[in-house]
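Reader: I would like to learn how to read the features of a model such as this one, beginning with single residues and moving on to sheets and helices. Could we go through it step by step?

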Amino acid sequence: MALFLVTVPDAVAQSSKESIHEQLRRAQRNNDSLSAIHKDLQISEYRIKMEALKQEEEAKRMELILVSLFAVMAIIFMAFYANIRRLQLRRLKEAYDKLEETTTAKERIESELRIARDIQMAMLPHDFPNYPGLDIYAVMIPAREVGGDLYDYVLINDMLYFCVGDVSGKGIPASLLMAQAVRLFRTLANYEMNPADIANAMNREFSKNNDNGMFITMFIGQLDLEDGMLYFCNAGHNPPVLDGKFVKMEPNAPIGLWPEMKFVEETIEYIGGQRLFIYSDGLNEAENQQQEQFSDDRLKEWLGAHRGIESSQLISDLLDEVESHVAGADHSDDLTMFCLRYVPS
């Protein structure tokens, strides 16, 4: 019995020890498991931190790349802009130099044209003969700096030679031919040739080497101041107005087209006291803004209503009438007017 009593506590103790060891082992396992979990958590946390650092470095690297790219683009843009600006400045300078050169050339041309105009206008008579009973006046207004219209007169004793002409075309070519026509007319008139012979001689001269086909319409007159008889030759020019009526005459052809052309001379026995008005088509064809011409009918009507005034005043008033008609529109053609009235004593 005693043996039993001793043995039982030993067994219980043994069992308790084993239980404690088991608990210890379990606790150890739990500790190990917790340690493993903690270690895993540490590893995960480290990995997260490393990933975060990696991402942060990647972000910094991308930011650096973007900043660098932006800087490169900014440099390229600035270089491009600077180059464009340099090209613009160079082109602006070239344009300015060209403009300055063009302006200088234009000013030189305008100056030369003004000189040419002065020379041309000086070729036309502005002082008219102080002859008893003779009232004569004329004016030529070029549409451009220089023109192709002309008028002239030569007084030799009691014989008055006069002409009004219109060269084809405008500008410098017409003005050169106009100058030749004036000089040639004066030369022939001083030889006291009659109007038809003057027209024939001028036609032969201007028909030579006329490759450009230029021509001159002319009315050439010769007034005998002793008896008031008018000899004339019309070379394709507008018919003049005599005492408010258009003169009926042979039209002939313009000067300078056909060298074999023979011009016809005509006469009016007496024009004493009557007003002879000769003009170029820059007058009757003057247009307003609506492209309405001044017209032959209006010209004849106006002249018929203004018979009792001097030639200079008549031309001045008629110019005002034309300007009123065109109302600011540009003149498309040269305008010439020649007015003559002779009252024998």
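Author: Let us begin with burial, keeping in mind that this is a predicted model. Tyr131 has a relative accessible area of 19% and is therefore buried, since the cut-off for that word is under 20%. Tyr342, with a relative accessible area of 3%, is buried as well.

Reader: Which kind of pair do the rings of Tyr131 and Tyr342 make, stacked, edge-to-face or tilted?

Author: The general idea is that planes under 30 degrees apart count as stacked and those over 60 as edge-to-face, the rest being tilted. By the rule for ring pairs, the count in this model comes to seven aromatic pairs. In the case of Tyr131 and Tyr342 the ring centres are 6.5 Å apart and the planes stand at 55 degrees, so this pair is tilted. The two residues are 211 apart in the chain, and the pair links distant parts of it: Tyr131 belongs to the loop between helix H1 (2-123) and strand E1 (134-141), while Tyr342 belongs to strand E10 (residues 335-342). Elsewhere, one aromatic cluster is formed by Phe162, Phe219, Phe232 and Phe338.

Reader: In what order do the strands of the sheet that contains E1 and E10 follow one another?

Author: An open sheet is read from one edge to the other, and here five strands, paired antiparallel, give the order E1-E10-E9-E6-E7. E1 and strand E7 (245-246) each have a single partner strand, so one side of each is left without a neighbour in the sheet. Helix H5 (residues 296-304) packs on this sheet, where it touches strand E6 (241-242), E7 and E9, and its direction makes about 150 degrees with that of E9. Helix H6 (residues 311-326) also packs on the sheet, touching E1, E9 and E10, with its direction at about 150 degrees to that of E10. Within the sheet, five bridges join strand E9 (residues 275-279) to E10, the two running antiparallel, and Tyr279 stands opposite Met337 in E10.

Reader: Which strands are the edge strands of the sheet E2-E3-E4-E5-E8?

Author: This open sheet of five strands, with antiparallel pairing, has the order E2-E3-E4-E5-E8. Its edge strands are strand E2 (149-156) and E8, each of which pairs on one side only. On average, neighbouring strands of this sheet are turned by 15 degrees against each other, direction ignored. H2 packs on the sheet and touches E2, strand E3 (159-167) and E4, its direction making about 15 degrees with that of E2. H3, in turn, lies across E3, E4 and E5 and runs at about 150 degrees to E4.

Reader: At what angle do helices H2 and H3 pack, and how is that angle classed?

Author: Helix H2 (residues 171-190) and helix H3 (residues 195-207) pack at about 140 degrees, and their axes are 10 Å apart. That angle makes H2 oblique to H3, because only angles over 145 degrees count as roughly antiparallel. The crossing of H2 and H3 is right-handed. Among the residues that meet are Leu177, Leu184 and Phe185 in H2, and Ile198, Met202 and Phe206 in H3.

Reader: What is notable about phi of Asn252 and of Ser295?

Author: For a backbone check, one looks for a positive phi in residues other than glycine. Asn252, in the loop between E7 and strand E8 (266-268), has phi near 55 degrees, a positive value, and is buried at a relative accessible area of 19%. Ser295, in the loop between helix H4 (281-284) and H5, has phi near 80 degrees, likewise positive, and is partly exposed at 26% relative accessible area.

Notes. Residues numbered from 1 in each chain as written. Predicted model: local features only at pLDDT ≥ 70, side-chain atom pairs only at ≥ 80, totals over all residues. Heavy atoms only, no water. Phe/Tyr/Trp six-rings, centres within 6.5 Å; stacked < 30°, edge-to-face > 60°. Helix = DSSP H or I, 4+ residues; strand = E, 2+ residues; numbered from the N terminus. Buried < 20%, exposed > 50% of the residue type's maximum accessible area, 1.4 Å probe, protein only. Pairing = 2+ DSSP bridges. Contact = heavy atoms within 4.5 Å. Axes fitted to C-alpha atoms, helices over the stretch in contact; angles between N-to-C directions. Parallel < 35°, antiparallel > 145°, perpendicular 65-115°, else oblique. Left-handed = near helix turned anticlockwise from the far one by under 90°.
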